[in-house]
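Here is a report on charge pairs, surface and cysteines in one protein chain. Look at the structure first, then read on.

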Amino acid sequence: MEKKPLSFLIAANGVWLSRKGLLHTIKNYEISRKKILIEMACGERIVVNNSRSSRSARALRRTKYKKPCKHCKVSDEDINRFLTKPHENQNSIKIKSVTNSKSRPKKALPKSKARLARSLASKTVPAFSQAPTFPIVSKAASGSSALKKPLTLSQKNRLETLLSPKDELCLDKADLSFKELESLLVSRRKEDLQQMYEEDRENYLGKLERTITKFFVDRGFLEIKTPIVIPAEYVERMGINSDIELSKQVFRLDKNLCLRPMLAPTLYNCLRKFDNVLSDPVKIFEIGPCYRKESDGKEHLEEFTMLNFCQMGSGCTRENLESIIKEFLDFLDIEFEIVGDSCMVYGDTLDVMHGDLELSSAVVGPVPMDRDWGIDKPWIGAGFGLERLLKVKHAFKNIKRGSRAESYYNGIPTKI
């Protein structure tokens, strides 16, 4: 059965299950392109991703909760609807279990049919007991087609790991066995690594960082490098306190220090300090690693590389911000569109999208948070994930191929 998106589960349940196990009544909710703003009857407000497989969606599919929120006064009807989940049973696959009936004794089969029945029974797989597989067709010596042994899930994953975007090869139509396919792809990847070692030797992520650095330096931006370990108070000053979902994604070293989950806090400090020295407008940028406890697979990493650029003072308009973004992505030859959205930290944002993949979140300041950082001038800025830019630029199937990883080099698997 297809998993329902979080917006469907919210509409069907009418309640929200917090991480602490409290069951809330939903007073109101608003859905944007990728986010959902939820207001509880008790006054609590949260912003979550509208995902099918997020932690929030999994919680709403379960029926366990510790207790209802005493301020929301969750009704018995809402609790009963949450416990029974009638919407989960719609369009579900019904599996009929057949058991031996005492009232209808089984008739003995002829020996030939009994052998056939045992043979079929030994090959029968219970529903959902293993992942779906697909056959690879090979032509027999006589010229007719015959079905070979279907790929297992591990075999399919192995082949997909070895595949490159330039391979013109469809696994489910290949006229080769698993061992033949694996041997072919391993040979191609070895050639790719040897060619890269002889001709280029530049890591994609490092090369992209150098390219971006030159782009912004040539346009008058000052490159800065700030610490990876930052005071935990910086995160709280960004509005990410213990009640906010993003707070649980912060890698904390102790009660006073953490690994930076974003570049914004130290950029705020640099803007304030340079404003007393540099001419108007102040333009700075930074490229560096950030860390979050992410869990959304193909589009997220726990260690990722961010580009943040910002300008403060004159010329800080939406038109100028969009112009910089357009020039930057045209320079990288990446297609995009800009759509309005909102986020927990900054409020209204401009999301830079490549299809369904978010490349950047951009902001036109001032925002209320500025006062906490000593900023009182208009500003514009945007943050890009470099691994996502590589994923788009090189048509990688997952973001790990362009990341700091031991399993891949420039998208090529190293375990070959």
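Arg81 and Asp78 sit three residues apart in helix α3 (residues 76-84), which means that about one helical turn separates them. The two side chains form a salt bridge, and their closest N and O atoms are 2.5 Å apart. This is a predicted model, and every value here is computed from it. Arg81 is partly exposed at 24% relative accessibility. Asp78 is buried, with 13% relative accessibility. The cut-off matters here: a residue counts as buried under 20% relative accessible area.

**Other charge pairs**

Side chains of opposite charge can pair when their charged atoms come close. The whole structure holds 19 salt bridges. Three of them, including the helix α3 pair, are listed below.

| Pair | Closest N to O distance | Relative accessible area |
|---|---|---|
| Arg81 and Asp78 | 2.5 Å | Arg81 24%, Asp78 13% |
| Arg219 and Glu327 | 2.8 Å | Arg219 30%, Glu327 38% |
| Glu223 and Lys225 | 3.9 Å | Glu223 34%, Lys225 51% |

Which parts of the chain does the salt bridge between Arg219 and Glu327 join? Arg219 meets Glu327 at 2.8 Å, N to O. This pair links distant parts of the chain, with the two positions 108 residues apart in numbering. Arg219 lies in the loop between α7 (204-218) and β8 (222-223). Glu327 belongs to helix α10 (residues 318-331). Arg219 is partly exposed, at 30%. Glu327 is also partly exposed, at 38%.

Glu223 pairs with Lys225, and their closest N and O atoms are 3.9 Å apart. A salt bridge needs such atoms within 4 Å, so this pair counts. Glu223 is partly exposed, with 34% relative accessibility. Lys225 is exposed, with a relative accessible area of 51%. Elsewhere, salt bridges with shared partners tie five residues into one network: Lys166, Asp167, Arg188, Arg189 and Asp192.

**Cysteines**

How many disulfides are there? The count is zero. A disulfide is a covalent bond between the sulfur atoms of two cysteines. For Cys270, the closest cysteine sulfur is in Cys310, 8.6 Å away, and therefore too far for a bond. The cut-off for a disulfide is 2.5 Å between the sulfur atoms. Cys270 is buried, at 14% relative accessibility. Cys258 is buried too, with a relative accessible area of 0%.

**A nonpolar patch**

Four residues form a nonpolar patch on the surface: Ile228, Val229, Leu253 and Leu257. Together they have about 290 Å² of accessible area. Leu257 is placed in strand β10 (residues 257-259). Its relative accessible area is 34%, so Leu257 counts as partly exposed. Patch members must have over 30% relative accessible area, and Leu257 therefore meets that limit.

**The chain as a whole**

The secondary structure comes to 11 helices and 18 strands. The chain has 416 residues, and 39% of them are buried. Among contacts with a separation of 6 or more, 60% are between residues 24 or more positions apart. The accessible surface is about 24,800 Å². Carbon and sulfur atoms account for 51% of that surface.

Terms used:
Residues are numbered from 1 along each chain as its sequence is written. This is a predicted model: local features need pLDDT of at least 70, side-chain atom pairs count only at pLDDT 80 or more; totals for chains, interfaces and linings use all residues. Side-chain values use heavy atoms; hydrogens and water are left out. Helices (H or I, at least four residues) and strands (E, at least two) are DSSP runs, numbered from the N terminus. Buried means under 20% relative accessible area, exposed over 50%, partly exposed in between (1.4 Å probe, protein chains only). Contact means heavy atoms within 4.5 Å. Accessible areas come from the Shrake-Rupley method with a 1.4 Å probe; for residues, only the protein chains shown count as cover. Patches are made of residues with over 30% relative accessible area and no salt bridge: like charges are joined within 9 Å, nonpolar side chains (Val, Leu, Ile, Met, Phe, Trp, Tyr) within 5 Å.
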